[in-house]
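Here's a quick briefing to keep beside you while you look around the model. Have the sequence and the 3D view open, and take the topics in any order.

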Amino acid sequence: MTQNDNSALQRFNRIWDRVNAAFHKASGRMGLADSELTILYMLCDYQRPFSQCEIIQLTGLSKQTVNSSVRRMEKAGWLVLGERSNCHRKMTLTEKGHEIVREKVLPFMDLEAGIFDQWTEEERETFLGLMERYETALNEIAEQIENTRR
């Protein structure tokens, strides 16, 4: 790797760290765990039920983290788990969950959308296109790594 490549990677990593820190700060100010915000955000954004396995696959959150968050939110009355189907129970928001989403998640999403609104269409397309290329390439690399888990 050349010095320039390393510098670009380091810059990207530091930006990504700060993005994650901002998400963490936002979730804390909303009174939510990061994983709770992630799950509520996904239920709201995709507008469909999810199984815990799907959340794990899409986010990279650990099975234990997702399970703990789902149990907390279920106990708080924010979501319910449906009937078992193919060993997966789909979670859906309750009325109380929809209230939490309206109160906390939707305003956050609106503020986030405002960031993109400040950009030109060309800037949005460039950013999203590059992120998609990065994600695709990173997934290809991850598939090539030998599984050495013990």
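**The quick tour**

Among contacts in the protein chain between residues at least 6 apart in sequence, 46% join residues at least 24 apart. Keep in mind that this is a predicted model. The protein chain has 6 helices and 2 strands, and helix 2 gets most of the attention below.

**The chain as a whole**

- Reading from the N terminus, the elements go α-α-α-α-β-β-α-α.
- Taken along the principal axes, the C-alpha atoms of the protein chain fill a box of roughly 50 × 45 × 25 Å.
- Of the 150 residues in the protein chain, 24% are buried.
- About 11200 Å² of the protein chain is exposed, and carbon and sulfur atoms supply 52% of that.

**Helix 2 on its own**

- Helix 2 covers residues 34–46, which is 13 residues.
- From first C-alpha to last, helix 2 reaches 18 Å, close to the 18 Å expected at 1.5 Å a residue.
- Most of helix 2 is covered, with 10 of its 13 residues buried.
- The buried stretch takes in Ser 35, Glu 36, Leu 37, Thr 38, Ile 39, Leu 40, Tyr 41, Met 42, Leu 43 and Cys 44.

**Helix 2 against helix 5**

- The axes of helix 2 and helix 5 (residues 95–117) come within 10 Å and cross at roughly 80°, so the two helices are roughly perpendicular to each other.
- On the helix 2 side, the contact uses Leu 37, Leu 40, Tyr 41, Cys 44 and Asp 45.
- Helix 5 brings Ile 100, Val 101, Val 105, Leu 106, Phe 108, Met 109 and Glu 112 to that contact.
- Sorted by type, the residues where helix 2 meets helix 5 come out as 10 nonpolar, no polar and 2 charged.
- As background, an α-helix has 3.6 residues a turn, so residues three or four places apart point the same way.

**Helix 2 against helix 3**

- Here the axes of helix 2 and helix 3 come within 11 Å and cross at roughly 100°, which makes helix 2 roughly perpendicular to helix 3.
- Thr 38, Ile 39, Met 42 and Tyr 46 of helix 2 meet Ile 55, Leu 58 and Thr 59 of helix 3.
- By type, the residues in the contact of helix 2 with helix 3 are 5 nonpolar, 2 polar and no charged.

**Just past helix 2: Gln 47**

- Gln 47 comes just after helix 2 and sits in the loop between helix 2 and helix 3 (52–59).
- Its phi is positive, about 55°, although Gln 47 is not a glycine.
- For context, most residues other than glycine have a negative phi.
- Gln 47 counts as exposed because its relative accessibility is 70%, and the cut-off for exposed is over 50%.

**Two more residues to click on**

- Ser 69 belongs to helix 4 (residues 63–75).
- Is Ser 69 buried or exposed? With a relative accessible area of 1%, Ser 69 is buried, since buried means under 20%.
- Leaving out residues up to four places away in sequence, Ser 69 touches Ser 35, Glu 36 and Ile 39; those three also appear among the buried residues of helix 2.
- Glu 83 is part of strand 1 (residues 79–85), and Glu 83 is exposed, at a relative accessible area of 74%.
- Which residues does Glu 83 contact, leaving aside neighbours within four places in sequence? Glu 83 is in contact with His 88 and Arg 89.

Terms used. Residues numbered from 1 in each chain as written. Predicted model: local features only at pLDDT ≥ 70, side-chain atom pairs only at ≥ 80, totals over all residues. Heavy atoms only, no water. Helix = DSSP H or I, 4+ residues; strand = E, 2+ residues; numbered from the N terminus. Expected span 1.5 Å × (residues − 1). Buried < 20%, exposed > 50% of the residue type's maximum accessible area, 1.4 Å probe, protein only. Axes fitted to C-alpha atoms, helices over the stretch in contact; angles between N-to-C directions. Parallel < 35°, antiparallel > 145°, perpendicular 65-115°, else oblique. Contact = heavy atoms within 4.5 Å. Nonpolar A, V, L, I, M, F, W, Y, C, P; charged D, E, K, R; others polar. Areas by Shrake-Rupley, 256 points an atom, 1.4 Å probe, with all protein chains shown as cover.
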